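The following exercises concern domain packing, ligand surroundings and backbone geometry. Each task is followed by a worked solution.

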Amino acid sequence: MSQIEFYDTRSRSQRPFEPLRPGKVGIYSCGPTVYAEQHVGNLRSRLFSDLLKRFLTSEGLEVTHVINITDVGHLVSDADEGEDKMEAAARRAGRTAAEIAEHYTELWRKDGEAVNCLPPEHNPMATEHIPDQIVLAQRLEAGGFLYSIADGVYFDTRRFPRYAELAGLDLEGQSEGARIGVTQGKKNPADFAVWKFPEEGVQRLQEWDSPWGRGFPGWHLECSAMSVRYLGEQFDIHTGGIDLATVHHTNEVAQSECGFGVHPWVGFWMHNEFLALQGSGGEGAGDEKMSKSKGNVKTLSDLIDRGIDPIAFRYFFLQAHYRQQQTFSDEAIQAAATGYRRLQKIAAALEEVEGEGDAAIQAPFAGRFREALADDLNAPRAMAVVWEVARSDELADVDRRDLLRRFDSVLGLRLGEALTESAADQGERDPRIDGLLADRQAAREGKDWATADRIRDELAAEGVEVVDAPSGSSWRRTGE
Ligand code: AMP
Ligand code: ZN
């Protein structure tokens, strides 16, 4: 059996993966900032860490997965300036920050369940770990890594020679380009706030006492403080979207390595690429990263409203390698929904088959599926094996059934679950055709047979057959 290998951002290479503690793996994933509904780009990040967890679990490893909830300190600029995203959302909604956090955390949990993500072992909120964050900041202060200026307590990045390592930063270039807009009094442009004081005259909803005065933690501190609480001072894998590598993760490394005196803090840094929205970059600019600040987002509820099964989004996610940019479009998600339904139908039919399979016959297929995932989680290659098995004329049905069950425990596509009658009958969904069918139904009810027949003939001309049954009409594409 080949060794598991993952790509590690820090070493910029694919390397063999060995857990730090035999049989156990600790994973920390940067989770949502709960000031708004998450979009399907964020969900890609969640699905990636879930696939990682499921795969490692299928390898017999005991995984402890921590996903944090950011409910304080993440400022609008993503740096140390601007309003806190939580405070701004609370002000707009006329609610408390805690109410906003609770509401969006609940939505995030529901989205995760809807796409069949396993719940993390720990799901800590930043505001529930303020003392842990203060203790870590005190350690940094004792080590001489911090300095105070008017608006907060800052980490002196010059004191940490490996600062640029994780993201391969060009700090000289950064200092040239970052002269404007630098917080007054910062020693280096890259220095970041560990503890912030509220702006003069601003009454914040969330602030705490600390040895440095009343205020709130910098955004990065929570991840360093909460990961040590649940995973120890060093752990196996840290995940997040690639946008986090240059600032947030770089600053987490600085805090943790200096605070705990360890190196490397994390064995593997695994970053997912973006989900982009097709055409959202404007003319000539192509597809742009989905992001709340740009407003080019789709949410899972948008998809559900259009009749798309949430698990079809999971199927869509599995069609690309996590380190490739993936583009979301109506056509792409519709195609994924169709592909998913076909696979689900095959798997559901195989669930009716009785008898025992032959492990020796299954082994090469199971082996190739595993090899694909052991090779830096190559999901598209694993899906090719899934389809090969689903379509195979040579394998016995019992073996196809067993293999699809086994694959699905890693993929989480709920393949074996019985299809609901409507989903099974429904075939493909298409809002335009559904609309025409509804018009035809209305015409029939009004005994306007000419219109009803015209709609049926028009659909037939584009290869769509209308099937009338006592329970109502449905449609399917001919020639499938
Ligand atoms: P946020 O709620 O903005 O703090 O982001 C939560 C997670 O989603 C982070 O790991 C981000 O890196 C990730 N993320 C944000 N936008 C995208 C996107 N368009 N595609 C993939 N991941 C993303
Ligand atoms: Zn983080």
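**Exercise 1. Domain arrangement**

What distance separates the centres of domain 1 and domain 2, taken over C-alpha atoms?

Solution. The model is a predicted one. Begin with the bounds: the domain assignment places domain 1 at 5-272, domain 2 at 291-425 and domain 3 at 431-477. Over C-alpha atoms, the centres of domain 1 and domain 2 are 32 Å apart. To the contact, domain 1 contributes 32 residues and domain 2 contributes 34 residues.

**Exercise 2. The interface of domain 1 and domain 2**

Determine the area buried between domain 1 and domain 2, and state which residues of domain 1 lose the most area.

Solution. The size of an interface is often expressed as the accessible area lost when the parts come together. Here the buried area is about 2,800 Å², with 60% given by carbon and sulfur atoms. On the side of domain 1, the residues that lose the most area to domain 2 are Val-40, Arg-44 and Leu-51, which together make up 25% of what that side buries.

Next, consider the polar component. There are 16 residue pairs in polar contact between the two domains, and two salt bridges cross the interface. To verify a salt bridge, apply the cut-off of 4 Å between a side-chain nitrogen of Lys or Arg and a carboxyl oxygen of Asp or Glu. The side chains of Arg-314 and Asp-50 satisfy it, with an N to O distance of 2.7 Å.

**Exercise 3. Elements on the side of domain 1**

Which element gives the most residues to the side of domain 1 that touches domain 2?

Solution. Four elements give two or more residues to this side: strand S1 (5-8), helix H1 (40-58), helix H3 (97-114) and strand S10 (266-272). Of these, H1 gives the most, with 12 residues. By class, the residues of this side divide into 15 nonpolar, nine polar and eight charged.

**Exercise 4. Surroundings of ligand 1**

How many residues surround ligand 1, and which are the closest?

Solution. The count is 20 residues, the closest being Thr-33, Gln-38, Asp-243, Leu-275 and Met-290. Now separate the polar approaches by atom type. The side chain of Gln-38 places an N or O atom 2.9 Å from an oxygen atom of ligand 1. For Ser-45, a polar side-chain atom is 3.2 Å from an oxygen atom of the ligand. Met-290 instead uses a backbone N or O atom, 2.8 Å from a nitrogen atom of ligand 1.

**Exercise 5. Backbone geometry**

Where does the residue Pro-264 lie?

Solution. Pro-264 is in the loop between helix H7 (245-260) and S10. The peptide bond joining His-263 and Pro-264 is cis, with omega about -10°.

How values were computed:
Residues are numbered from 1 along each chain as its sequence is written. Chains are lettered from A and ligands numbered from 1 in the order in which they are written. This is a predicted model: local features need pLDDT of at least 70, side-chain atom pairs count only at pLDDT 80 or more; totals for chains, interfaces and linings use all residues. Side-chain values use heavy atoms; hydrogens and water are left out. Domain bounds come from an automatic or database domain assignment. Contact means heavy atoms within 4.5 Å. Buried area is the accessible area (1.4 Å probe) that two parts lose on being put together, summed over both. A polar contact is a pair of N or O atoms within 3.5 Å; within protein, one must be able to donate a hydrogen and the other to accept it, and residues adjacent in sequence count only if both atoms are side-chain atoms. Ala, Val, Leu, Ile, Met, Phe, Trp, Tyr, Cys and Pro count as nonpolar, Asp, Glu, Lys and Arg as charged, and the others, Gly among them, as polar. A residue is near a molecule or strand if one of its heavy atoms lies within 4 Å of it.
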